[in-house]
Amino acid sequence: MLPPELMRTPTPQQRSVAAHGIDPTKIQLPCAHCKAILNVPHGLSRFVCPQCHVDLAVDLSKIKQLGAALPRPPLPPEEVNEVAIEVEREEDGGGMAGETFTDYRPPKLSIGPPHPDPIVETSSLSAVQPPEPTYDLQTKDELESLKALSCLQIETLVYACQRHIQHLPNGARAGFFVGDGAGVGKGRTVAGLIWENWHQGRRKALWVSVGSDLKFDARRDLDDVVHALNKLPYSKLDSKSVGVRQGVVFLTYSSLIASSEKGRSRLQQLVQWCGPEYDGLLIFDECHKAKNLVPEAGGQPTRTGEAVLEIQARLPEARVIYCSATGASEPRNLGYMVRLGLWGAGTSFENFREFLGALDKGGVGALELVAMDMKARGMYVCRTLSYKGAEFEDMYRKAAEFWAELRVELLSASAFLTNDKPNSSQLWRLYWASHQRFFRHMCMSAKVPAVVRLSKQALMEHKCVVVGLQSTGEARTEEAVTKYGLDLDDFVSGPRELLLKFVEEYYPLPEKPDSLSGEDNVKELQRKRHSATPGVSFKGRVRKAARWKAASDGESDEESETDSEHESTDSDDEFQICCICNSEAERKKLLQCSCCAQLLHPACLVPPVMDAVSADWSCHSCKEKTDEYLQARHAYVAELLKRYEAAIERKSKILGIIRTLNLPNNPLDDIIDQLGGPDKVAEITGRRGMLVRASGGKGVTYQARNTKDVTMEMVNMHEKQLFMNGKKLVAIISEAGSAGVSLQADRRAVNQKRRVHITLELPWSADRAIQQFGRTHRSNQASAPEYRLLFTNLGGERRFASIVAKRLESLGALTQGDRRAGPGLSLSAYNYDSAYGKKALMMMYRGVMELDTLPVVPPGCSSEKPDTIQDFMVTGKAALVSVGIVRDTVLANGKDTGKFSGRIVDSDMHDVGRFLNRLLGLPPDIQNRLFELFVSILDLIVQNARLEGHFDSGIVDMKANTIDLQGTPKTVHIDHMSGASTVLFTFTMDRGITWEAASALLDEKQKDGFGSSSNGFYESKREWLGRRHFLLAFEGSYPGLYKILRPTVGEALREMPLAELKDKYRKISSLEKARSGWEDEYEVSSKQCMHGPNCKLGDFCTVGRRLQEVNVLGGLILPVWGTIEKALSKQARQSHRRIRVVRIETTADNQRIVGLLIPNAAVGVVLQDLAWVQDIDD
């Protein structure tokens, strides 16, 4: 039944009734269309009515008239119940997060032996039941007798084969997603599927995986029918020459996009081999490789993703299996899983983009529902091995100072460059990239002693060790070997080589000047001046020396005549007179200056010119001018040369300083050396060579990793075998070398010692993190591994954890139905790169730049000592200047002497990644203080968002003392393909705390005399409706913050600061008074909400009500998503309009339901909008 306010238009009489619980900070105005009273924030001039959706505009000039036209009785002081508003916000923020995993056993099948290791499933997924198994396995008897597969793996076989019988509305065969965690045994499950299909007469299968190393695992899982495609020619596979007529063709994703020189593609070859009616298996193992088919804006889809899509389209009857622990680390990476039927014909979403949009709008809770939906429809399984909790543990200052000095040096050096240098922006891009890489190296190296200590300790305890890292430092090592030779004094220092390379290649040097020296340059200069002299004819300028000499005896008359003819012609053209004596006499003897073109008698010159002169002769004044210019030019060149040599000298000094810096060696070589060298440590990485300590202990030598007996292609498999056989008890793995490798304490291996997995360097992405953790944690292991994740306590290193945590959160949500279901790692505390993180960063920057006041007191400061805050501001601003976040800095004079002014560009204001990157380059003290300030502001923003009902907290546990299912659940939708249904459940909850329970809790806190003096019972200072509100407060997770328990709703989500507690409440010294007030409020809250008997929403209001009714829509949600979204959008209260996913468990029979919380006021609308309603049979 709908509340009266939502079923009909309110009458004027109803409007005049005072509403309890209205927001005092807003103006109450009636909607011009539906007449509903609306709370309008001050200053808001345009908005949409939340009830009738009509656009409204506020005419502020008429508000006073309106007030006069609608006289309202004075509101009683009890109307604005501040405690009610506070409780309402807390309830809208959701409940506490509960336990994440529950033990798993197949709920509807009992074939096969139990799994050799404890298996768990997220509690969200465990709340969903898979469909009834109807498929009858052909290999059932064989599997039971051989005991080759566990009951868990056989369950996957049944549901996958059952799903493959179905077809999607578009005609393609439905696919199945095996999302089991790394190490559960997906490889053996796939082998079982191939075996089952073989017995059904389907003798061909395609198995696509990541690397060729995995074919050894494939052969282990399926002994004799695997054909490696990369060993086969491009011709027809079933031809006489190749002879592959049946069996499993194993190929990598790179093979799928490969083609021969003649243009034949592997994809075409496979489609031809399968044939158009192919209905065998198409297995995408480690299918996360095909992600990014739908890239983010501006990106291009990967060729792999497109090929995976194409082969599915060309083989519509193929039985597709998607197989990966991390196949959907982001919703957009589901794009290639077209056979799941989550979008397209017959669904709520027309295409993948629409599906993606709905998930983005629904937040993490929506992702969790997708996983649950897929399980309910029988197309998805996701179990994981039980992970043990990981532990975090804890030269830098000088390196940070050096980088700050290097930045100043580069700025100075750049100032000498001419403006036409195009590479300034490139220089700074390279500087910051090297800066980040350098400090990542430093963070890794700082953890090497801890790795060695933990490893030696594990070996003493008769365990073995696996160390995981990402970068091997091979590039720096090879550069050093090329530069210095194969024999070195010590291991290569990655940070040092990186710094040396950056300074050597990118230090800005001015151009080396060209010097003007020698006769040639003088002549060149004179030629230029001569050619630039205007008003002189060409003939006059090019007078030859021969003309100025007397004709020789040997000259013929003809020649003489010719000369005189020419001369007479010249004479006609110009006056040939001496510029000194102005005489035309002895014209034949006149000399012409090659620079200024003046004519001069040799005798008129001082001193007179007696000998013959060359064609480039110049007069005295021109020579003087040339000498002046050359002197100035020489001085200028000398200055440029001086600057160039000074820059070279500065560069050499910097390189010298770098060589003297005490920087750490390459961590990989260092760890191998300290743990006994290559004879004791198995290296499973992608590098080709390594540095090994010389036998005498002095110096190191570069050598190839493989030996004569082992090829480079097989070296990782060889090293793995040595580790599994117990010949080596330490293994170091990188991502490049360890994809798909099994290093667990396998019961079939010689080395069954417990693995201690130490993560020296966290991978950049969550799916890679999961892959790396899964190397040592797999099925059939004698013992589960211990995990050690090493972090320094530097704030900036959390940059790397932040990136991974963001993905782990999404990954846990999507592939396991619960965002907290990453592999037991508490990394979600490090997800700073969120909308809240960006807002916190902007507030911090504006506070430090003194544009706004900081919302919290900076760490290490006191509000009672303003000087400490001011000192922090100066230090913080200087730190931000030193790492290039504050730009265009000016140092103030006068009364503000010593203060910086500058600006932070808009793009940096919200760039959390850049802030965390640059933070690494600060000395640890200010680095950690700035980081703590950022986190404090972030915590405050998240807390406020939670109170205001905007925080996306994923699946929220609804807690109460008693929760009972009320009446019979109603089926509101049935999926015809799987038979799964959508069901509306109604629960009654009692959330209160009795006096006896509250006083016992206080006694527990106060025992041994360790409790805070502020612990105890409190009453509100104000009365509402003639009553005061009571609560119990005791010190919470941090000093100064108090846990709040109310008799009506139990424990509050938010911890209250002591100052706020004392401002709103007073402590009760009399226990009898506290008891009387507590019991009275406990009793009254069973019948009414905190707003009192005249509450506007009547029985539909649950604010502060101890006994309440809760409606949850469970089961299949995606098919009815649009209907629910539409129904919720009509709700009057803002918090009721957003989709909220909750988990609720009955106290009597522990029945767990996960689904959408439907506000009581919206139930009627939801039921009206859905097609039909029917009671469920018991």
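Student: In this predicted model, which cysteine holds the sulfur closest to that of Cys-578, and why is there no bond?
Tutor: A disulfide requires two cysteine sulfur atoms within 2.5 Å. The closest cysteine sulfur to that of Cys-578 lies 3.7 Å away, which is too far for a bond. The cysteine that holds this sulfur is Cys-581.

Student: How many disulfides are counted by this rule?
Tutor: The cut-off for a pair of sulfur atoms is 2.5 Å, and Cys-578 does not meet it, because its closest cysteine sulfur is 3.7 Å away. By this rule the number of disulfides is 0.

Student: Is Cys-578 buried or exposed?
Tutor: A residue counts as buried under 20% relative accessible area. The relative accessibility of Cys-578 is 0%, so Cys-578 is buried.

Student: Where does Arg-1106 lie, and is it buried or exposed?
Tutor: Arg-1106 is found in the loop between α35 (1071-1084) and β38 (1107-1115). Its relative accessibility is 6%. Because the limit for this class is under 20%, Arg-1106 counts as buried.

Student: Which side chain forms a polar contact with the side chain of Arg-1106?
Tutor: A polar atom of the Arg-1106 side chain lies 2.8 Å from the backbone oxygen of Tyr-1082, but that partner is a backbone atom. The side-chain partner, joined by a polar contact of 3.1 Å, is Asp-990.

Student: How many contacts beyond four places in sequence does the model have for residues 387-394?
Tutor: Over residues 387-394, pLDDT stays under 50, while the mean for the protein is 75. Where pLDDT is low, the predicted coordinates should not be read in detail. With that reservation, the number of such contacts for residues 387-394 is 32.

Key. Residues numbered from 1 in each chain as written. Predicted model: local features only at pLDDT ≥ 70, side-chain atom pairs only at ≥ 80, totals over all residues. Heavy atoms only, no water. Buried < 20%, exposed > 50% of the residue type's maximum accessible area, 1.4 Å probe, protein only. pLDDT = per-residue confidence, 0-100. Contact = heavy atoms within 4.5 Å. Helix = DSSP H or I, 4+ residues; strand = E, 2+ residues; numbered from the N terminus. Polar contact = N/O pair within 3.5 Å; in protein donor to acceptor, adjacent residues only side chain to side chain.
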